[in-house]
Amino acid sequence: MSSCRYNGGVMRPLSNLSSSRRNLHDLDSESQPLQAPLASPAAAAGSAPAAGSPTAPEIVVSKPEHNNSNNLALYSSSGPGPATGSSNNGGGKSSKKKNQNIGYKLGHRRALFEKRKRLSDYALIFGMFGIVVMVIETELSWGAYTKESLYSLALKCLISLSTIILLGLIIVYHAREIQLFMVDNGADDWRIAMTYERIFFICLEILVCAIHPIPGNYTFTWTARLAFSYAPSTTTADVDIILSIPMFLRLYLIARVMLLHSKLFTDASSRSIGALNKINFNTRFVMKTLMTICPGTVLLVFSISLWIIAAWTVRACERYHDQQDVTSNFLGAMWLISITFLSIGYGDMVPNTYCGKGVCLLTGIMTQNIMYDMISDLNERSEDFEKRIVTLETKLETLIGSIQALPGLISQTISQQQREFLEAQIQNYDKHVAYSAERSRSLSRRRRSSSTAPPTSSESS
């Protein structure tokens, strides 16, 4: 019994067939009857212990599926009837269990997909909520109240609460992704899915989403050089400005939600075709698809969103060093971003701080990338359109040439049919003339033969 393992009422061997036979021998020596699984009632009654004796446990020694032949041979040695019945029932049970496992995995995978999508939606909601509250708190602290106010403390506590919930949702989201990896690859240990790349991206995502303004009033000394006068400017700034601007990095959650709600990602047929063609449906592929389907809408939404966010960020960066209220004004910041966005650069407005200069630089780089992708897509479309036009022109020229050659072909066909008809008529006439001539010759021969023939006896008498 030391080499067997109890698993759901069935004793399974840990070694090969020899150990199973050794276990059977030990069980026989201990006077414990061995019963075949799913035996007939008569056989079970015949092998039942005597009345008054304790009921012996039912023990089934089984092997993995690839060693079923050994088990069948082992059972058949005790009798042909139970061994045959147990083999058929065992095969049916194994196939039924396999089908149940496949159905369970598919259902579990579908449930994990839905849970992951829901977690992504909730994470986006709480992330956007934190950004909106951060903007409101920043704007109100510049004019309505100070950082020492209870209103500022309450709003910052609300931001911290939403951030904690967001971090929990992100952790649960990645846990569902690891479960999906285990289901897709048939893994039993979650540590198989924890590669260094996955660990790095999880830590990076948690770090990005954890940045938020801390409740309290913390300041630092900020030194900058003014744009036109190049005079140094030193002021006391809030630490919240350093912790508030990176909160816009949470907008990456929008791309994740778009990916999980895209029909290319959720449709089984699309995923099957992509798997056959070795296409990975990620965020970049979905964005390229949207750029191909509706490039104008995507460019408009992205441009307006980037314009507003960059303008507010420049306003927040330039507020402490802009004494003339030029770039710290929201409309002035929007004008500065627009001339940077369009690569015009009039020079009437220049950011004073490195923060504002960095935002303008990133805006220009992102604009150039978007415009490059847009122009590339338009060029590809124009080239495809030109190829189609050339193909249509070639087909049209071929059709026009065929139409122009149609009257000549019709006249040639009619002439040929007339010629064939005349030739057929001439041949028929020649045949008729020849037949008539042959018939007249045959008639003349008969007449000659009848006139030159000698008279018969009846005629002489």
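1. Helices here are DSSP runs of H or I with at least four residues, numbered from the N terminus. In this predicted model, S343 comes just after helix α13 and takes a positive phi of about 60 degrees.

2. Helix α13 itself covers residues 330-341, twelve residues in all. From first C-alpha to last it reaches 16 Å, close to the 16 Å expected at 1.5 Å a residue.

3. The buried residues of α13 are G332, A333, M334, L336, I337, S338, I339 and F341. Their cover includes two helices, α12 (295-318) and α14 (354-404).

4. How many disulfides does a search of the whole structure find? The search returns one. The bond joins C317 and C355, whose sulfur atoms lie 1.9 Å apart. C317 belongs to helix α12 and C355 to helix α14, so the disulfide ties together parts that are 38 residues apart in sequence. Helices α12 and α14 are also among the elements that cover the buried residues of α13.

5. Are the two bonded cysteines buried or exposed? C317 is buried, with a relative accessible area of 0%. C355 has a relative accessible area of 27% and is partly exposed. C360, by contrast, is in no disulfide: the nearest cysteine sulfur, that of C317, is 9.2 Å away, whereas a disulfide needs the two sulfur atoms within 2.5 Å. C360 is buried, at a relative accessible area of 9%.

6. One further cysteine can be noted for its exposure. C157 counts as partly exposed, with 39% relative accessibility.

Key. Residues are numbered from 1 along each chain as its sequence is written. This is a predicted model: local features need pLDDT of at least 70, side-chain atom pairs count only at pLDDT 80 or more; totals for chains, interfaces and linings use all residues. Side-chain values use heavy atoms; hydrogens and water are left out. The expected span of a helix is 1.5 Å times one less than its number of residues. Buried means under 20% relative accessible area, exposed over 50%, partly exposed in between (1.4 Å probe, protein chains only). Contact means heavy atoms within 4.5 Å.
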